[in-house]
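User: I'm new to this structure and want to know the reasons behind the labels people put on it. Can we go through them one at a time?

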Amino acid sequence: QVQLVESGGGLVQAGESLRLSCVTSGSTFNIISMGWYRQAPGKQRESVASITSGGSTIYAPSVKGRFTISRDSAKNTVYLQMNSLKPEDTAVYYCNGRIVAAPGSYERDYWGQGTQVTVSS
């Protein structure tokens, strides 16, 4: 069973920084990619950033240049460093993993429980 647990959310003022962490545990035969999504009230969940097993990264245009996704494979942890935060970054942030849990099984998406990020103006 695969589990993703986020931490690091909180309340900050505009212009400040936060770092989110996501620890993956359980059966993870092959981690294809990890990513961060967010969902603001009344809006659809959107992709923020992702990183593949090869280290390639993709960012949403709204966060490019301000957010950085990284990973520590030894710790099974992916990070999202968020700088120059804006009120419009306020949302619940979810960790996502596209993972093959065991040999012979199919890849599927796993999700964390979410962590709230609130940016005040």
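User: What makes Asp 89 and Arg 38 count as buried?

Analyst: Buried means under 20% relative accessible area, exposed means over 50%, and partly exposed is in between, using a 1.4 Å probe and protein chains only. Asp 89 has a relative accessibility of 1%, and Arg 38 has 6%. Both values fall under 20%, so both residues earn the label. Keep in mind that this is a predicted model, where local features need pLDDT of at least 70 and side-chain atom pairs need pLDDT 80 or more, while totals for chains, interfaces and linings use all residues. Residues are numbered from 1 along each chain as its sequence is written, and side-chain values use heavy atoms, with hydrogens and water left out.

User: How do you know that Asp 89 and Arg 38 form a salt bridge?

Analyst: The rule asks for a side-chain nitrogen of Lys or Arg within 4 Å of a carboxyl oxygen of Asp or Glu. The closest N and O atoms of Asp 89 and Arg 38 are 2.9 Å apart, so the pair meets that limit. Side chains of opposite charge can pair when their charged atoms come close.

User: Why say that Asp 89 and Arg 38 tie parts of the chain together?

Analyst: Asp 89 lies in the loop between strand E8 (77-82) and strand E9 (91-100), while Arg 38 is in strand E4 (residues 30-39), so the bridge joins parts that are 51 residues apart in sequence. Those names come from DSSP runs numbered from the N terminus: strands (E) take at least two residues, and helices (H or I) take at least four.

User: Which other salt bridges belong with that one, and what makes them a network?

Analyst: Arg 66 pairs with Asp 89, the closest N and O atoms being 2.8 Å apart. Arg 66 sits in the loop between strand E6 (57-59) and strand E7 (67-72), so this link to Asp 89 bridges 23 residues of sequence. Arg 38 also reaches Glu 46, where the closest N and O atoms are 2.7 Å apart. That is how Arg 38, Glu 46, Arg 66 and Asp 89 come to be linked in a network. The count for the whole model comes to four salt bridges.

User: Are Arg 66 and Glu 46 buried or partly exposed?

Analyst: Arg 66, at 11% relative accessibility, counts as buried. Glu 46 has 35%, which makes it partly exposed.

User: Why is the pair of Tyr 37 and Trp 111 called edge-to-face?

Analyst: Rings of Phe, Tyr and Trp (its six-membered ring) pair if their centres lie within 6.5 Å; planes under 30 degrees apart count as stacked, over 60 as edge-to-face and the rest as tilted. The structure holds one aromatic pair. Tyr 37 and Trp 111 are 4.9 Å centre to centre with 70° between the planes, so they pass the distance limit and land in the edge-to-face class. The pair links distant parts of the chain, with Tyr 37 in E4 and Trp 111 in strand E10 (residues 107-111), 74 residues apart. Tyr 37 is partly exposed at 24%, and Trp 111 is partly exposed at 36%.

User: How do you know that a charge sits over the ring of Trp 111?

Analyst: The test wants NZ of Lys or CZ of Arg within 6 Å of the ring centre and within 35 degrees of the ring normal. The charged end of Arg 45 sits over the ring of Trp 111, 4.7 Å from its centre. Arg 108 lies over the face of Tyr 110, at 4.0 Å from the ring centre.

User: What lines the largest pocket?

Analyst: There are 14 lining residues, and Ile 31, Met 34, Arg 71, Ser 73 and Asn 76 lie nearest the pocket's centre. E4 gives the largest share, four residues.

User: What makes Asn 76 stand out in its backbone?

Analyst: Phi of Asn 76 is near 50°, a positive value in a residue other than glycine. Asn 76 is in the loop between E7 and E8, and at 36% relative accessible area it is partly exposed. Ser 84 also has phi near 50°. Ser 84 belongs to the loop between E8 and E9 and, at 40%, is partly exposed.

Technical notes. On a 1 Å grid over the protein atoms alone, a cavity is a set of points where a 1.4 Å probe fits but cannot get out, and a pocket is an open set with protein on both sides within 12 Å along at least five of seven lines; lining residues have an atom within 4 Å of a point.
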